[in-house]
Amino acid sequence: MSSPREELNHMIAGFWRTQAVYVAVRLRIPDLLAAGPRTADELAAESESHPRSLYRLLRALASSGVFREDADHRFSLTPLSECLRRDTPGSMTGLAWMRGDWQYRAWGDLLHNVQTGETAFNHVFGEPLFDFLCHTPDNAAIFDQGMVGVHGRETDAMLAAFDFSNIHVLADIGGGNGSVLAAVLIKYPTLKAILFDRVDVIDRAKANLAQAGVADRVQFIAGDFFQSVPNGADAYFLRHIIHDWNDEQSRTILKNCRAAMPSSGRLLLAEFVLPDGPEPFHGKWFDLAMMTVTGGQERTESEYRSLLDECGFEWRSVVPTATELSVIEALTR
Ligand SMILES: C[S@@+](CC[C@H](N)C(=O)[O-])C[C@H]1O[C@@H](n2cnc3c(N)ncnc32)[C@H](O)[C@@H]1O
């Protein structure tokens, strides 16, 4: 077991690893190594980098298991860097990219956020995250991929724990790249769906759902959930949407869902439900990420109960999964 000083030292230097992995991803090193082992000189030529600096980056990453360095100083992939290849199912490329790029810059302003309550991202970039993504499509595509890297493994756990079989039409509100909806539609072959997201996101979702062979069961609708939400579904599913927003904004989204829903309609929120107590829970770190990047927050069960009650919903249940994700179910009152 490490000493308190060693443990703290590791924490304090956390940003070294964030940036080292990010730079390796930006230079496409994991993709280049898919063809087989390479020296730093070869990789530098292929990635237009400075050979000696690249060697030092890869040597440090290899010492943490991200690459393997052999006696001839050739580098190859390890199970960790296999996850950073762009063509790996559930690739973590987008996650490493967005955390090392714009999220890193926002977290660099955490002190301001904690002192003033102003969302660090907005302070640094001069606009909220989703507006920034709207006019930087390359970043938006990275964000979509990042969602798979950060939340992808939650999908199987959710499907194992929660039964969607009594639903006829499922509206995925803020469904993003469509990867969650694709998995649900594949498991439930008679289910139909609506995928609702911002106009700039919908085209990427269409391509993903077509590739998954389920696009013919999906109605794609572009819009703004602060204005309205489409009707026509018996269940409204929002995964990691409400955590992006503060209580006032969340009430607007939930009331717009409520207005679109039929009587006895089902609302399904897939979120991390924070424990009330001091126990370790990764969602507490996510809460900090939400504070810094979107201005949102993770919530406890009692906070979700109050929010839903205020927006015209009757609490039904919270179904835990094998990951930290839970599915909260409520009915329209
Ligand atoms: C954290 S992502 C979650 C995506 C997806 N539900 C998932 O779990 O992977 C939030 C999503 O909300 C969408 N979104 C943000 N603002 C929106 C708005 N005003 N109207 C509709 N969708 C919005 C984003 O484009 C993004 O796809």
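## Predicted model: two loop residues, a buried helix and a ligand shell

His240 sits in the loop that connects strand β7 (235–239) with helix α15 (247–260), where helices (H or I, at least four residues) and strands (E, at least two) are DSSP runs numbered from the N terminus. The model is a predicted one, in which local features need pLDDT of at least 70 and side-chain atom pairs count only at pLDDT 80 or more, whereas totals for chains, interfaces and linings use all residues. Residue numbers start from 1 along each chain as its sequence is written.

His240 has a positive phi of about 50°, although it is not a glycine. Glu48, also a residue other than glycine, has a positive phi near 55°, and it belongs to the loop between α4 (40–47) and α5 (51–63). The surroundings of these two residues are listed below together with those of His151, a residue of helix α12. A residue is called buried if 20 or more other C-beta atoms lie within 10 Å of its own, exposed if 12 or fewer do, and partly exposed in between, with C-beta atoms placed from the backbone.

| Residue | Class | Other C-beta atoms within 10 Å |
|---|---|---|
| His240 | buried | 22 atoms |
| His151 | partly exposed | 19 atoms |
| Glu48 | exposed | 7 atoms |

His151 is 28 residues from Ser179 in sequence, while their C-alpha atoms are 10 Å apart in space.

Helix α7 (residues 93–100) has eight of its eight residues buried, so it is largely enclosed by the rest of the structure. The buried residues of α7 include Trp97, Met98 and Arg99, and the buried part of this helix packs against α2 (14–26), α8 (102–107) and α12 (137–161). Contacts of this kind are counted when the C-beta atoms of two residues, placed from the backbone, lie within 7 Å.

A sheet of three strands is open and follows the order β1-β3-β2, with antiparallel pairing; its edge strands, each of which pairs on one side only, are β1 (38–39) and β2 (67–69). Strands count as paired if DSSP finds at least two bridges between them, and β1 is joined by two bridges to β3 (residues 74–77), with the two strands running antiparallel. Within this pairing, Thr39 stands opposite Arg74 of β3.

The ligand is surrounded by 17 residues, the closest being Met147, Gly174, Gly176, Phe225 and Arg239, where a residue belongs to the shell if its C-beta atom, placed from the backbone, lies within 6 Å of the molecule. The shell comprises seven nonpolar, five polar and five charged residues; Ala, Val, Leu, Ile, Met, Phe, Trp, Tyr, Cys and Pro count as nonpolar, Asp, Glu, Lys and Arg as charged, and the others, Gly among them, as polar.

For the chain as a whole, there are 17 helices and eleven strands, and buried residues make up 37% of the 333 residues. Of the contacts between residues at least 6 apart in sequence, 65% join residues at least 24 apart. The chain is divided into domain 1 (4–87) and domain 2 (104–332), with bounds that come from an automatic or database domain assignment, and the C-alpha centres of domain 1 and domain 2 are separated by 33 Å. The C-alpha atoms of the chain fill a box of roughly 70 × 45 × 40 Å along the principal axes. The radius of gyration, 21 Å, agrees with the value near 20 Å for a compact globule of 333 residues, taken over C-alpha atoms and compared with 2.2 Å times the number of residues to the power 0.38.
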